[in-house]
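Me: Could you take a close look at the aromatic rings in this one? I'd like a walk through how they pair up and what sits around them.

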Amino acid sequence: MTDEELDEAKRRRRLLAASARRAFPGSTTYFNGSVAHGDANTPLTDVDLGVVLTEKDAEPYGPDKKSALPLMEKARDAIHEDLDEEFPKLTIEVADRRRAVLVRFGAPVTPGQADFTADVMTAIPHPSGRGLYIPNTKIADQWDRADPITHTRMVLEAISDTKVVFARTVRLLKHWNKTHSKPLCSWNIKALAVGCLERPMPLIDALQVFFTYAADEIDKGPTPDPADVAGPIPLNMPRREVHKRLCTARDYIDLAIEHEKAGRPLSAQHALHQVLPELVPDADGTQEEADRLAKTVRSGGTAASGLGLAVGLVTPTRAWGI
């Protein structure tokens with residue numbers, strides 16, 4: 001994505017936050033999701049944010065009290081009042097929305113995309129002071145406990161601790177996730193990454209660390225909430241299928257590293273292609289092809305994969321750590 005696209009996405013997010021605070025005087029807003037976490041991929045299609053009511057305004061709402069529907073409708077009305085003029089195709093959905101108000105701008109941020117959307121959460125403080133109650137309109141008067149503010153803080157700390165390797169790895173994992181007809185919840189992936197990516201390292205090593213750790217953790221059970229506020233993160237498919245998927249990716253990453261260390265760069269590239277087909281071109285690992293590409297490198301040409309792996313004269317493994 002371009003800087004201009006990201007800036008426009010953040011501008012629209014600020015507009016929504018201002019409308020939410022106007023709808024609920026004294027409230028605070030927070031940002032979450034891929035843009036806030038620094039791991040958004042191209043194309044840029046959405047942002048996420050929430051508004052937290054004051055304790056006084058929140059008093060009528062919560063478990064065994066009023067549902068979030070009136071709050072969602074109030075947020076919708078304020079957004080319409082503030083943004084209809086600038087975005088004449090703006091539409092806002094509240095009905096059948098489980099968690100958040102869905103804002104459709106009717107105008108994409110990334111050229112060629114159908115639209116740009118935003119989820120606006122109306123949340124209330126948890127009585128314990130830890131985390132929030134967020135809507136669950138699928139069940140009458142139901143609210144679920146969560147801590148998206150702490151989640152964002154943890155992700156940003158991981159990005160800082162790893163010198164941005166965390167965000168880059170998550171972006172790659174999102175590409176891997178999209179190769180499956182039924183992707184995993186992206187937050188489950190990030191929650192697992194928070195548990196294992198703690199220092200700078202080459203990207204290929206980060207993928208190996210993640211898939212090894214994630215396979216072991218999923219084999220034990222559902223992923224715990226990193227903020228230790230909500231229950232385990234639910235899976236959208238049987239856990240054994242998730243475990244198998246993670247193990248398959250882990251084995252291909254292990255194989256890619258083994259091939260590269262043994263001086264078989266094209267075989268390494270072929271193995272990596274099985275995990276990241278969108279980013280890494282496939283390669284025929286024959287000796288004839290290896291000789292041809294090695295000659296290209298020696299003569300001043302290049303041959304590189306999507307992770308920065310070049311064949312022939314490039315130092316193994318470290319070259320992947322861009």
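Reply: Before the rings, one cut-off: a residue is called buried if its relative accessible area is under 20%. Keep in mind, too, that this is a predicted model. By that cut-off, Phe87 is buried, and Phe105 is buried as well.

Those two make a good place to start, since rings count as a pair if their centres lie within 6.5 Å. The count for this protein comes to four aromatic pairs. One of them is Phe87 with Phe105, an edge-to-face pair with 4.9 Å from centre to centre and 75° between the planes. This pair ties together distant parts of the chain, 18 residues apart: Phe87 is in the loop between helix H4 (69-83) and strand S3 (91-93), while Phe105 is in the loop between strand S4 (100-104) and strand S5 (117-125). Now for another pair: the planes of Phe210 and Phe211 are at 75° and the ring centres 5.3 Å apart, so this one is edge-to-face. Phe210 and Phe211 are both buried.

Back at Phe105, there's a bit extra going on. Ring pairs join Phe105, Phe87 and Phe116 into a cluster. Arg12 also lies over the face of Phe105, 5.0 Å from the ring centre. Next along, Arg13 has its charged end over the ring of Phe31, at 3.9 Å from the centre.

As for the setting, the protein has eleven helices and seven strands, and 48% of its 322 residues count as buried.

Conventions: Residues are numbered from 1 along each chain as its sequence is written. This is a predicted model: local features need pLDDT of at least 70, side-chain atom pairs count only at pLDDT 80 or more; totals for chains, interfaces and linings use all residues. Side-chain values use heavy atoms; hydrogens and water are left out. Rings of Phe, Tyr and Trp (its six-membered ring) pair if their centres lie within 6.5 Å; planes under 30 degrees apart count as stacked, over 60 as edge-to-face and the rest as tilted. Helices (H or I, at least four residues) and strands (E, at least two) are DSSP runs, numbered from the N terminus. Buried means under 20% relative accessible area, exposed over 50%, partly exposed in between (1.4 Å probe, protein chains only). A charge sits over a ring if NZ of Lys or CZ of Arg is within 6 Å of the ring centre and within 35 degrees of the ring normal.
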